[in-house]
Amino acid sequence: MSEDLKPTTYVCDDTVRQRLIALRDGGLSNTKLAAKLGCSSTIISQWLAVEGNLYPAEISKWEKRAEDFLRNDARRRASGVMTCECESTKRVGRALELIRRTNDVGVIVAEAGFGKTRALEKYCEENPTAVLYTVKSWACDKGAVEGAVFAAAGSSGYDGHTKRAVFLANKFTGSDRLLLVDDAHKLTRPALQWLFDFADETQCPLGLVGTPELLKKIEDDAQRFSRVGLKLELEPKNWRDLIAHLVATHAPTAGTGAATELVGLCEQVVAQHGHFRALHKQLKLAAELKEHAKEALTWPQVFRKAHLKLVRKYQLN
């Protein structure tokens, strides 16, 4: 293309522009980005064009909105922050691989907030043939479990007359697909029995993940208890890498000294009830307080303020 035919580009903050492009490449369409920023999709299309910023009018207004959106994006996510490779995800991943290789039933338990769900998400990203079902309080009986497995298997080949459990058993037998159940402690005992029987019938590996309450439901039945081949209990060990990841996500502007003090405060929260889920909520609230504070506050200061605004039965040292 000659110089005369090249489109005219306009000056903009290219850092903001590139971050928006990354979001779009990650699956957030121009229309969705426009809805987030309150502008038209045409503006987004011109702004993020491959040639450069083609939007001919003042872009600063939309850049400010984009900066606000990008700054708060991680905090707006329902599940918090991007899953990182840490000790808990490695341990869970190794356990799931052992369950898969042995075609056995395995149980992984930890208190709420230890990152079990995140570890499962990461494993399933790397192992797309695994079937993951998260138990809800309103979908915890054997009918709900059977329906979830049926949905995951797909209805291809189903004649509409055969019992779904029989159809599923035939379809999964020999597939070696790992069936994962998150929040399995919420399952009714008949639902839990359905899963054990399904694993027996199909010889597919089964991973049950939940709180220690899950062990009680397994141990109170001798048959279920004897069919568990692996048990992993996650306990606090070296959690600094995950704490550092959360701090870097929510408090990227914290200097070295403030970050060191903040990590120390975070360790106190992780050691208490709620663990990493509690820490995520506290860091998220601290970020909001810092952004809207009328005075300049350090990250440790706003973290302490956030602590006082949450349900906490302990004080920070």
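**Exercise 1. Find which residues Leu 187 is in contact with, leaving aside its neighbours within four places in sequence.**

Step 1. Set the rule: contact means heavy atoms within 4.5 Å. This is a predicted model, in which local features need pLDDT of at least 70, side-chain atom pairs count only at pLDDT 80 or more, and totals for chains, interfaces and linings use all residues. Residues are numbered from 1 along each chain as its sequence is written, and side-chain values use heavy atoms, with hydrogens and water left out.

Step 2. Read off the partners of Leu 187: Val 135, Cys 140, Val 145, Val 181, Leu 192, Leu 195 and Lys 217.

**Exercise 2. Place Leu 187 in the largest nonpolar core, and say which helix gives the most to this core.**

Step 1. A nonpolar core is a set of buried Ala, Val, Leu, Ile, Met, Phe, Trp, Tyr and Cys residues joined through side-chain atoms within 4.5 Å. Buried means under 20% relative accessible area, exposed over 50%, and partly exposed in between, with a 1.4 Å probe and protein chains only.

Step 2. The largest core has 34 residues, and Leu 187 belongs to the group that touches the most other members, together with Leu 168, Val 181, Leu 195 and Leu 208.

Step 3. Elements supplying at least two residues each include strand 1 (105–109), helix 7 (142–153) and helix 9 (189–202). Helices (H or I, at least four residues) and strands (E, at least two) are DSSP runs, numbered from the N terminus. Helix 9 gives the most, with 7 residues.

Step 4. Apart from this core lies another, of 27 residues, among them Ala 259, Val 269, Leu 283 and Ala 306.

**Exercise 3. Is Glu 146 buried or exposed?**

Step 1. Locate Glu 146: its place is in helix 7.

Step 2. Glu 146 counts as buried because its relative accessibility is 18%.

Step 3. Beyond its neighbours within four places in sequence, Glu 146 is in contact with Arg 164, Ala 165, Leu 168 and Trp 194.

**Exercise 4. Compare the reach of helix 14 with the expected span.**

Step 1. The expected span is 1.5 Å times one less than the number of residues.

Step 2. Helix 14 (residues 275–292) has 18 residues, and 26 Å is expected. From first C-alpha to last, helix 14 reaches 26 Å, close to that expectation.

Step 3. Now look at burial: the buried residues of helix 14 include Phe 276, Leu 279, His 280 and Leu 283.

**Exercise 5. What share of the 317 residues in the protein is buried?**

Buried residues make up 44%. For the wider picture, the protein has 15 helices and 5 strands.
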